Amino acid sequence: MKQATPRMTSAKEISKVLAMVFHSRKSTDSDKSSAMAVEIERKFLVKGTFPAGETCQMVQGYLSLDPERTVRIRIEGDKGVLAIKGRSQGISRAEYEYDVPLAEAEELLKLCLGSLVRKTRHYIPHGDHTWEVDVFEGDNEGLVSAEIELSAEDESFELPEWIGQEVSEDRRYSNAALSRSPFKDWA
């Protein structure tokens, strides 16, 4: 079976797509959930089993993999989300997220660089936080990671017993890196 050659998306094409997405959006007070935010997140590998929680199927890809900024499109269940993230500074980085219509998200996934990342996300409350546990599929099958979002880099939190090694600053475990170099190729 002949494999398709990956299509490279130019910066001009990405800019055009982003302009269309933002131009088509109506600016209302209720639609301003995308205000400047700083994402402070720690990531760990999961060991053993974790408790059941609410789940959501996700598929995501990257329109830009520039180290200064990544542009991700994701389908979460039945909705599309566009995220623009700045360069990581330790465990923090700028993050902007925008809801996009599902049909547009499906089209944007076709423009992505690298391979798509597929996973099931489990939301597991523990202590004062909700852990997001990602069980990866496809080329990243076998990888199970857990993330916790914090309000400050030095915020304390309870580690569940199913949390293993911290990989917050190991870029191989970032979803953007997994789209270029899947877990199966280096695990």
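Strands E6, residues 113–126, and E7 pair in the antiparallel sense, and eight bridges hold the register between them. I should say at once that this is a predicted model. The two strands form a hairpin with two residues between them. In that turn, glycine 127 has a positive phi of about 60°. To place one pair of this ladder for you, proline 125 has threonine 130 of E7 as its bridge partner.

Please stay with E7 for a moment. Strand E7 covers residues 129–136, and six of its eight residues are buried, so the strand is largely enclosed by the rest of the structure. On E8, residues 144–149, E7 has a further antiparallel partner, with four bridges between the two strands. Within that pairing, glutamate 132 is matched with glutamate 147 of E8.

From E8 we can step across to E1. These two strands run antiparallel and are joined by five bridges. Here arginine 42 has isoleucine 148 in E8 as its bridge partner.

Next, the loop between E7 and E8. Is asparagine 140, which lies in this loop, buried or exposed? Asparagine 140 is buried, because its relative accessible area is 3%, and the cut-off for that class is under 20%. Setting aside residues up to four places away in sequence, asparagine 140 touches Val117, Leu178, Pro182 and Phe183.

Let me now turn to the chain as a whole. The secondary structure comes to three helices and nine strands. Read from the N terminus, the order of elements is α-β-β-β-β-β-α-β-β-β-β-α. The chain has 187 residues, and 42% of them count as buried. Among contacts between residues at least 6 apart in sequence, 62% join residues at least 24 apart. The accessible surface is about 10,800 Å², and carbon and sulfur atoms account for 50% of that surface.

Tyrosine 96 offers a single-residue view. This tyrosine is found in strand E5, residues 92–100. With a relative accessibility of 29%, tyrosine 96 counts as partly exposed. Valine 71 is 25 residues away from tyrosine 96 in sequence, and the C-alpha atoms of the two residues are 9.6 Å apart in space.

I come now to the largest pocket. How much space lies in it? The largest pocket holds about 830 Å³. There are 39 residues lining this pocket, and those closest to its centre are Glu39, Glu41, Lys85, Arg93 and Ser174. Several elements each supply at least two residues of the lining, among them strand E1 (37–46), strand E2 (54–64), strand E3 (69–76) and strand E4 (79–86). E5, E6, E8 and helix H3 (175–180) each do so as well.

Finally, the cysteines. A disulfide is a covalent bond between the sulfur atoms of two cysteines. How many disulfides does a search of the whole structure find? The search returns zero. As for burial, cysteine 56 is buried because its relative accessible area is 16%, and the cut-off, once again, is under 20%. Cysteine 112 is also buried, with a relative accessible area of 9%.

To return to the opening topic, the eight antiparallel bridges between E6 and E7 and the four between E7 and E8 give E7 a paired strand in each case. The five bridges from E1 to E8 then carry the pairing onward.

Methods. Residues numbered from 1 in each chain as written. Predicted model: local features only at pLDDT ≥ 70, side-chain atom pairs only at ≥ 80, totals over all residues. Heavy atoms only, no water. Disulfide = S-S within 2.5 Å. Buried < 20%, exposed > 50% of the residue type's maximum accessible area, 1.4 Å probe, protein only. Pairing = 2+ DSSP bridges. Contact = heavy atoms within 4.5 Å. Areas by Shrake-Rupley, 256 points an atom, 1.4 Å probe, with all protein chains shown as cover. 1 Å grid on protein atoms, 1.4 Å probe; cavity = no way out; pocket = protein on both sides within 12 Å on 5 of 7 lines; lining within 4 Å. Points joined across faces, edges and corners; volume = space filled by probe spheres on them.
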